[in-house]
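Please walk me through this model in the viewer, one selection at a time. I would like to know what to click next and what is there.

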Amino acid sequence: MLIFYQQWVMCVDTFNAIPIFVAVADTGGFSSAARVLDISKSAVSKRITQLEAQLGARLFHRTTRKLSLTEAGERYYQYAAQASRAAKQAEDAVGELQGEPKGVLKVLLPMSIGQLHIAPLIPEFLALHPQLHIDLVLDDRDVNLIEQGYDLAIRTGGELTDSSLIARRLVPLHSIVCVSPAFHNKHRKHLTKPEQLVHVNCLTYSYSSNADVWTFSSKSGDLCKVKVAGNYRVNNSVALRDAVIAGSGVARLPTFVVGEAIRNGELVALFDDYEMPYKNLYSVYPERDYLPEKVRVFLDFIVEKLGNGSAYWDRFECA
């Protein structure tokens, strides 16, 4: 009976160590795994050492600069990763049957659109789901969602390089050229066609790959590319909008930044007979057989609030 109990304890210890082993292998380090698992680095190291002792094999090559799987570790990972995913999917499947989503939802948002349009919605969402906790990060960097432990990210573009992720289109992200009413009145004769932008002061967004070349397409499908120049370049679209409102010049800006200013008359939208290239806003999350209920309710909430596929900030009258 004692031997059976000892074997059972060892099996339980081994099973409990699997998520820690998988996290270390996926993130490439004890420290990064500790961040994902929200435990101490020493606890991670101890469990891996215990697991290696129980298996009688070294699972990781350890150096001061790099951590990598041994041959035994590679073999163990193939099955451990499957077991870890299966356990997580089992939790998700049960979670779908729960009436109220619970736990921590870790979300990554891009800085400007997150601050302007999504973060302000969080208090209402939490009021609807009081058993949920939100861990929200605003960051424009392209981080590894699985490695950093995110349940969901909102991203622009939608190009996925990681096959373990799923992307869901939310709304289009349009851009528009706009000016202040005073600037428009002063330079009206040079603001009737895109080609005339070479004659006015154009402010640019420095993080854009085509900051000083603006592309337009007419309703007939003709393309027009204009090389612009100006005396102000900035890496924040909200700061760029404020400079345009102050009358400093013309700028190409996303409508999620300038929609409200156009509606209330602070800005004038130009060239309503033309369109500019646009991107899409996507939700991105790890691929699973069962989407966790906490992720599902958050996505449904955001989709409805943003406009059900047609962004609410695009509902303005162009001048």
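Start with the rings. This is a predicted model, and the structure holds 10 aromatic pairs. Select Y205 and Y207. Their rings form an edge-to-face pair, 6.0 Å centre to centre, with 70° between the planes. Now show the surface. Is each ring buried or exposed? Y205 is partly exposed, because its relative accessible area is 28%. Y207 counts as exposed, at 59% relative accessibility.

Next, select F256 and W313. This aromatic pair is also edge-to-face: 6.1 Å centre to centre, 70° between the planes. Colour by sequence and look where the two residues come from. F256 lies in helix α10 (residues 255-263). W313 lies in the segment after α11 (293-306). The pair therefore ties together parts that are 57 residues apart in sequence. F256 counts as buried, at 12% relative accessibility. W313 is buried too, with a relative accessible area of 1%.

Two more ring stops. Select F21, F60, Y76 and Y77: together they form one aromatic cluster. Then select K106 and Y150. The charged end of K106 sits over the ring of Y150, 4.6 Å from the ring centre.

**Along strand β3**

Stay in this area and select V107, which lies in strand β3. V107 is buried, with a relative accessible area of 1%. Which residues does V107 contact, leaving aside its neighbours within four places in sequence? They are D135, L136, V137, Y150, L152 and F298. Pick out L136 from that list. V107 and L136 are 29 residues apart in sequence, but 5.0 Å apart in space, C-alpha to C-alpha.

Now show the whole of strand β3 (residues 103-109) together with β5. The two pair in the parallel sense over 2 bridges. One spot to check is L108, whose bridge partner in β5 is A153.

**Strand β5**

Select β5 (residues 152-156) alone. Of its 5 residues, 4 are buried, so the strand is largely enclosed by the rest of the structure. Add strand β15 (residues 279-286). It runs antiparallel to β5, and 4 bridges join the two. Find T156 and look across: its bridge partner in β15 is L281.

Zoom in on R155, which lies in strand β5. Is R155 buried or exposed? Its relative accessible area is 18%, and since buried means under 20%, R155 is buried. Show the side chain of D142 as well. A polar contact of 3.1 Å joins the side chains of R155 and D142. Not counting residues up to four places away in sequence, R155 touches D142, V143, L145, L165, N280, L281, Y282 and V284.

**Into the core**

Select L281 next. Not counting residues up to four places away in sequence, L281 touches ten you can click through in turn, including I113, I154, R155, T156 and L306. Which residues touch the most other members of the largest nonpolar core? That core has 44 residues, and the answer is V258, L281, F298 and W313. Helix α11 gives the most to this core, with 8 residues. Apart from it lies another core, of 19 residues. To find this other core, select A17, I20, V24 and L69, which are among its members.

**Two open sheets**

Select β10, β9 and β14. These 3 strands form an open sheet in the order β10-β9-β14, with antiparallel pairing. Look at the edges: β10 (223-227) and β14 (274-275) each have a single partner strand. One side of each is therefore left without a neighbour in the sheet. Strand β9 (residues 213-218) and β10 pair over 5 bridges. Among the positions to inspect is T215, which stands opposite K225 in β10.

For the last stop, find the open sheet of 5 strands, in the order β11-β8-β12-β7-β13. Its pairing is mixed. The edge strands are β11 (233-234) and β13 (268-269), and each pairs on one side only. Now pick strand β8 (residues 202-205) and strand β12 (residues 250-254). They pair in the parallel sense over 2 bridges. Finish on C202: its bridge partner in β12 is V250.

Key. Residues numbered from 1 in each chain as written. Predicted model: local features only at pLDDT ≥ 70, side-chain atom pairs only at ≥ 80, totals over all residues. Heavy atoms only, no water. Phe/Tyr/Trp six-rings, centres within 6.5 Å; stacked < 30°, edge-to-face > 60°. Buried < 20%, exposed > 50% of the residue type's maximum accessible area, 1.4 Å probe, protein only. Lys NZ or Arg CZ within 6 Å of the ring centre and 35° of its normal. Pairing = 2+ DSSP bridges. Polar contact = N/O pair within 3.5 Å; in protein donor to acceptor, adjacent residues only side chain to side chain. Contact = heavy atoms within 4.5 Å. Core = buried A, V, L, I, M, F, W, Y, C linked by side-chain atoms within 4.5 Å.
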